[in-house]
Amino acid sequence: MTEVAAGPVESAFEVNGRKTTVSAPASATLLSVLRDRVGLTGTKFNCEQGECGACTVLLDDRPVNACLVLAASAHGHQVTTVEGLADEGEPSRMQDAFMRCDAAQCGYCTPGMVVSATALLCRTAHPSRADIEQALSGNYCRCTGYESIVTAVEAAAEERGRLQ
């Protein structure tokens with residue numbers, strides 16, 4: 001049997017609207033590449049098992065746990081991190097709602113929560129409370145401040161509805 005050395009793999013994808021090419025080991029996760037090679041540290045490193053949602057990013061507009069996605073599999077796709085949700089330096093409607101509703105207790109889970117909630121509002125204009133709870137079910141808040149988080153998502157949805 002011949003062993004093949006696992007050298008670096010070059011991957012090209014779009015991160016927050018910018019074309020990015022990285023060279024990383026084939027086993028590198030999207031999370032490690034975003035944080036260590038692209039310099040986007042808003043996506044949090046935590047469980048590395050897809051259990052907590054702190055590393056949630058959008059991959060072609062779908063929320064994924066970046067700790068479970070190989071960076072090479074993002075080749076040719078679009079990745080949006082929490083940093084990419086802001087509009088020319090201004091917080092997105094969801095980020096603003098989280099701030100107004102005091103939905104960021106320690107703040108560690110907040111980026112993943114905001115990304116998951118943003119994905120929800122992209123596919124459901126008027127989510128019910130149950131829709132919001134389901135969309136955030138893969139994101140854990142160790143501070144257990146879920147009430148203010150759900151309130152923030154409701155506020156962002158309501159504001160979005162008024163502006164459309």
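**Close-up views of the predicted model**

**Figure 1. A look inside the largest cavity.** The largest cavity encloses a volume of about 40 Å³. Strands β1 and β2 are the elements that each give two or more residues to its lining. The model shown here, as in every view below, is a predicted one. If you search the whole structure for cavities of 30 Å³ or more, one turns up. Which residues line the largest cavity? They are V9, S11, V22, A24, P25, A26, A28, A71 and A72. Strand β2 makes the largest share of this lining, with three residues. Sorted by class, the lining holds eight nonpolar residues and one polar residue, and no charged ones.

**Figure 2. The largest pocket and the elements around it.** This pocket has a volume of about 160 Å³. Strand β4 (62-65) and helix α3 (110-123) are the elements that give two or more residues each to its lining. In total, 13 residues line the pocket, and P63, S116, A135, G138 and N139 are the ones that lie nearest its centre. How does the lining of the largest pocket divide by class into nonpolar, polar and charged residues? There are four nonpolar, seven polar and two charged residues.

**Figure 3. Helix α1 and its partners among the strands.** Helix α1 spans residues 30-37, and L30, L31, V33 and L34 are buried in it. What do the buried residues of α1 pack against? Their partners are four strands: β1 (8-15), β2 (18-25), β3 (56-59) and β5 (78-80). Move just past the end of α1 and you come to G39, which takes a positive phi of about 85 degrees.

**Figure 4. V69, a loop residue that is buried.** V69 sits in the loop between β4 and β5. Is V69 buried or exposed? Its relative accessibility is 12%, under the 20% limit, so V69 counts as buried. Setting aside its neighbours within four places in sequence, V69 is in contact with A28, T29, L30, L59 and V64. L30 in this list is one of the buried residues of helix α1, and A28 is among the residues that line the largest cavity. V69 and A28 are 41 residues apart along the chain, and their C-alpha atoms are separated by 8.7 Å.

**Figure 5. K19, an exposed residue of strand β2.** For contrast, turn to K19, whose place is in strand β2. With a relative accessible area of 76%, over the 50% limit, K19 is exposed. Which residues is K19 in contact with, leaving aside its neighbours within four places in sequence? They are F13 and E14. For a sense of scale, the C-alpha atoms of K19 and R142 are separated by 35 Å, with these positions 123 residues apart along the chain as the separation.

**Figure 6. Cysteines without a disulfide.** A search of the whole structure finds zero disulfides. C106 takes part in none, and its nearest cysteine sulfur, that of C143, is 3.8 Å away. A disulfide needs the two sulfur atoms within 2.5 Å, so this pair does not qualify. At 57% relative accessibility, C106 counts as exposed. Why is the sulfur of C141 not in a bond with its closest cysteine sulfur? That closest sulfur is in C109 at 4.0 Å, which is too far for a bond. C141 counts as buried, because its relative accessibility is 5%.

**Figure 7. T110 in helix α3.** T110 is found in helix α3, one of the elements that contribute to the lining of the largest pocket. At 13% relative accessibility, T110 counts as buried. Apart from its neighbours within four places in sequence, T110 is in contact with F98, A103 and A104.

**Figure 8. Stepping back to the whole chain.** The chain has five helices and five strands, and along the sequence they follow the pattern β-β-α-β-β-β-α-α-α-α. The radius of gyration is 17 Å, close to the 15 Å that the globule rule gives for 164 residues, so the chain is as compact as a globular protein of that length. Taken along the principal axes, its C-alpha atoms fill a box of roughly 60 × 30 × 25 Å. Buried residues make up 41% of the 164 residues. Among contacts with a separation of 6 or more, 54% are between residues 24 or more positions apart.

Note on methods
Residues are numbered from 1 along each chain as its sequence is written. This is a predicted model: local features need pLDDT of at least 70, side-chain atom pairs count only at pLDDT 80 or more; totals for chains, interfaces and linings use all residues. Side-chain values use heavy atoms; hydrogens and water are left out. Buried means under 20% relative accessible area, exposed over 50%, partly exposed in between (1.4 Å probe, protein chains only). Contact means heavy atoms within 4.5 Å. On a 1 Å grid over the protein atoms alone, a cavity is a set of points where a 1.4 Å probe fits but cannot get out, and a pocket is an open set with protein on both sides within 12 Å along at least five of seven lines; lining residues have an atom within 4 Å of a point. Grid points are joined across faces, edges and corners, and a volume is the space filled by probe spheres set on the points. Ala, Val, Leu, Ile, Met, Phe, Trp, Tyr, Cys and Pro count as nonpolar, Asp, Glu, Lys and Arg as charged, and the others, Gly among them, as polar. The radius of gyration is taken over C-alpha atoms; the globule rule is 2.2 Å times the number of residues to the power 0.38.
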